[in-house]
Amino acid sequence: MLTELFTPKKIGSCTIPNRLVVPAMVTNYCTEDGMITERYIRYMEEKAKGGFGLLITEDYAVEEHGKGYKYIPGLYRDDQIEGSRQLTDRIHQYPSKIFCQIYHPGRQSSPAVNGGVQPIAPSPTKCPLCMSLAREMSVDEIQEMVKNFGNAAGRAKQAGFDGVEVHAAHGYLISSFLSPLINKRTDEYGGCFDNRVRFLDEIYAAVRKAVGEDFPVTVRFSRNEFVMGGRTEAETYELVRHMEELGFDGIHVTNGIYQSPPLGQAIGPMFLDHGFNMDVAEQIRKMVSIPVIVTNRINDPHMADTIIKMGKADFIGMGRGSITDPYLPEKARAGKFDQIRYCVACLQGCEMELFLGNCVTCLVNPSVGREYEDNLKAAAVSKKVMVIGGGPAGLMAAETAAKRGHKVTVYEAQDHLGGQFRSAAYPVGKGELATFVSSLRKSLEVLHVPVHLSTEVTEDLIKAEKPDAVVVATGARPLMPPIPGLDGSNVCTAEDVLLGRRDIPNGPVVVCGGGEVGGETAGFIAQTNHDVTILEMRDEILMDMMPVNKIVLMDLNHKAGVRVLTGAKVAEVENDGIVYTDKNGSRVKMPAALVVSAFGYKAYDPISEIAGKYCGEVCKIGCSVKAGNALTAVREGYEAGIKI
Ligand SMILES: Cc1cc2nc3c(=O)[nH]c(=O)nc-3n(C[C@H](O)[C@H](O)[C@H](O)COP(=O)(O)O)c2cc1C
């Protein structure tokens, strides 16, 4: 029962129709010279259609070389107003309000995204992630930058935004002035609290002057930087009092800077506690009388409602949750919780793609950023489609094709859906992955797509069904290299262990392969107090894993006592142990009560050739083509669904 989420509340003079806020998120959907695109407008419009109360734009540059990403919008020229006017007009067709976030990245940028211009900062320091030495700003430049913020805010008002959010979080320019970690100045902009906050004070004054007294101006800031020598909660509480005294109309609580450790990151990984900032937000709320927005790892409407009910915040920011499902508010309002596509915080499509310089996409919602292509329009002819394989790729293909009006049936050889995603949810901290398969299953039920479990598709079945199109999504199978003894009874696969098909005996366990699956399985086994060693042929383990997740897993495994041997090539499995050749080429025997094979995967496709004999349209997708990552597999499922 949601009692709070759908009640209106004011921020300054602006009434927000409900408590669900989309916080700012860079997409890279705009142009290099800071112009808004139809792609970005459609992406935002979807969230308004889906019922979010307040949308905050991605961070807008306030000056030409003030970009942390290449394709973000700006309001540093008058000709940029019109595009944003189209954006606000489009959003205002719905009850939602829209604020514009204005920012400068400071040292968290690089010449590569800013036309070769060196980043600037309060002091000449380097962000360990961006790795470009920043140049110290002169006092004249500081004062010029203050004017830039004011001018951008004035243009935002002209463009029809309902408010402006000043981005003073995440280690960007304003945040770096506040931080004793980055601000080493000895003039009036550095040193004591009053000096470090001066840049923000002056920006607030310039913004307020540009937009007038009645226009909502909020501020976003990091409650803790989680870096030694950085800002902590102790200063946060005096800072929020100061922000209220300045005249801000609302405070948006977030955390971290780029340099923060994985569990202090603003875009929290799946290992981070849900509602990570809520308790500090509650303390902040006690200090101020203006509304407080809290964000990071709150993606469940029940949790959001409860946080408000408990008085911890006035509004809930749901960033990635709005990417995975822009219709989350409407589904929650209608009580359709099992149809929500929840964020699993995998970071693969959003943060990782951005860092690679690409546009934002999403593992669980591959249609994001493609709304403008109108991919989901009804198919001209409704075809009979057989989807073979009920992993995420097959299910996504089935859902997409069914939404377009095709008559789809899913066939899965096993007695459950999910493919490799099922076992992927078992390692420590990854349980949320189960929500993806669960919501796809529900979606197919709503779309009346029959699902046949424990059904191996044969030539006879295809002949009998006479499909117009076949999607082959048979996935991958564990790779079993021709190593003597690997077929022994003391050997099993990572899936056998994770899915509880094989109990772990007393005695040492050896996991062969230090990729993501091997690393996670070793951690999983070690949690139940077993002695585990990973053998990896290469010089490093977890080489293909996302850096943030890798650091967390390494730490977890280290604490659980998992041993790692690199440069170790498995030569043979014996009844009581395993033999490997070490870096020097010497044969070494290790005792092992159980050997877990995690050598990787190979594509598995027993059916596409056969299907081709009876059907002119056969589409192979995901790991049945190439064992790889889930982001690609699910995207291919979506693309198959829109092509058929
Ligand atoms: C792809 C992406 C881009 C982001 N860009 C911004 C940004 O432009 N400004 C900002 O203040 N925060 C940005 N963030 C942080 C989000 O606003 C939010 O604080 C974070 O995702 C945690 O909230 P969530 O768990 O609800 O996603 C970004 C997050 C993501 C995933």
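Tyr-411 counts as buried because 25 C-beta neighbours fall inside 10 Å, and the cut-off for that label is 20 or more. This residue belongs to strand E15, which covers residues 407-411. Setting aside neighbours within four places in sequence, the contacts of Tyr-411 are Met-386, Val-387, Ile-388, His-452, Thr-455 and Val-457. Leu-395 sits 16 residues from Tyr-411 in sequence, with 10.0 Å between the two C-alpha atoms. As with everything that follows, this picture comes from a predicted model.

On the broader layout, the protein splits into domain 1 (9-329), domain 2 (375-478 + 603-643) and domain 3 (491-599). Between the C-alpha centres of domain 1 and domain 3 there are 43 Å. These two domains do touch: five residues from domain 1 and four residues from domain 3 make the contact. On the domain 1 side, that patch has four nonpolar residues, one polar residue and no charged ones.

Now for the ligand. Its shell is built from 27 residues, and the closest are Pro-23, Ala-24, Asp-59, Gly-319 and Arg-320. Two helices, H10 (320-324) and H12 (351-355), each contribute at least two residues to the shell. By class, the shell comes out as 11 nonpolar, 10 polar and six charged residues.

Next comes a helix pair. A packed pair of helices is described by the angle between the axes and by the distance between them. For helix H3 (residues 139-158) and helix H6 (residues 198-211), the angle is about 35° and the axes are 8 Å apart. Their crossing is right-handed. H3 brings Ile-142, Val-146, Lys-147, Phe-149, Gly-150, Asn-151, Ala-153, Gly-154 and Lys-157 to the contact, while H6 brings Phe-199, Glu-202, Ile-203, Ala-206, Val-207, Lys-209, Ala-210 and Val-211. Sorted by class, this H3 and H6 contact holds 10 nonpolar, three polar and four charged residues.

One of the H6 contact residues, Lys-209, also has a burial label. Lys-209 is exposed because 12 other C-beta atoms lie within 10 Å, and a residue takes that label at 12 or fewer. Ala-153, one of the H3 residues in the contact, is 56 residues from Lys-209 in sequence, and their C-alpha atoms are 9.4 Å apart.

A few loop residues round out the picture. Most residues other than glycine have a negative phi. Met-131, although not a glycine, has a positive phi of about 60°. Met-131 sits in the loop between strand E7 (120-121) and strand E8 (135-136), and it counts as exposed because there are 8 C-beta neighbours inside 10 Å. Lys-466 also has a positive phi, near 50°. The loop holding Lys-466 runs between helix H16 (459-465) and strand E17 (469-472). With 10 C-beta neighbours inside 10 Å, Lys-466 is therefore exposed.

Pro-481 is another loop residue, placed between strand E18 (476-478) and strand E19 (491-493). Its surroundings include 11 other C-beta atoms within 10 Å, so Pro-481 is exposed. Along the chain, Pro-481 and Phe-599 are 118 residues apart, yet their C-alpha atoms are separated by 7.7 Å.

Notes: Residues are numbered from 1 along each chain as its sequence is written. This is a predicted model: local features need pLDDT of at least 70, side-chain atom pairs count only at pLDDT 80 or more; totals for chains, interfaces and linings use all residues. A residue is near a molecule or strand if its C-beta atom, placed from the backbone, lies within 6 Å of it. Helices (H or I, at least four residues) and strands (E, at least two) are DSSP runs, numbered from the N terminus. Ala, Val, Leu, Ile, Met, Phe, Trp, Tyr, Cys and Pro count as nonpolar, Asp, Glu, Lys and Arg as charged, and the others, Gly among them, as polar. Axes are lines fitted to C-alpha atoms, for helices over the stretch in contact, and angles run from 0 to 180 degrees between N-to-C directions. A crossing is left-handed if the near helix is turned anticlockwise from the far one by less than a right angle, and right-handed if clockwise. Two residues are in contact if their C-beta atoms, placed from the backbone, lie within 7 Å. Domain bounds come from an automatic or database domain assignment.
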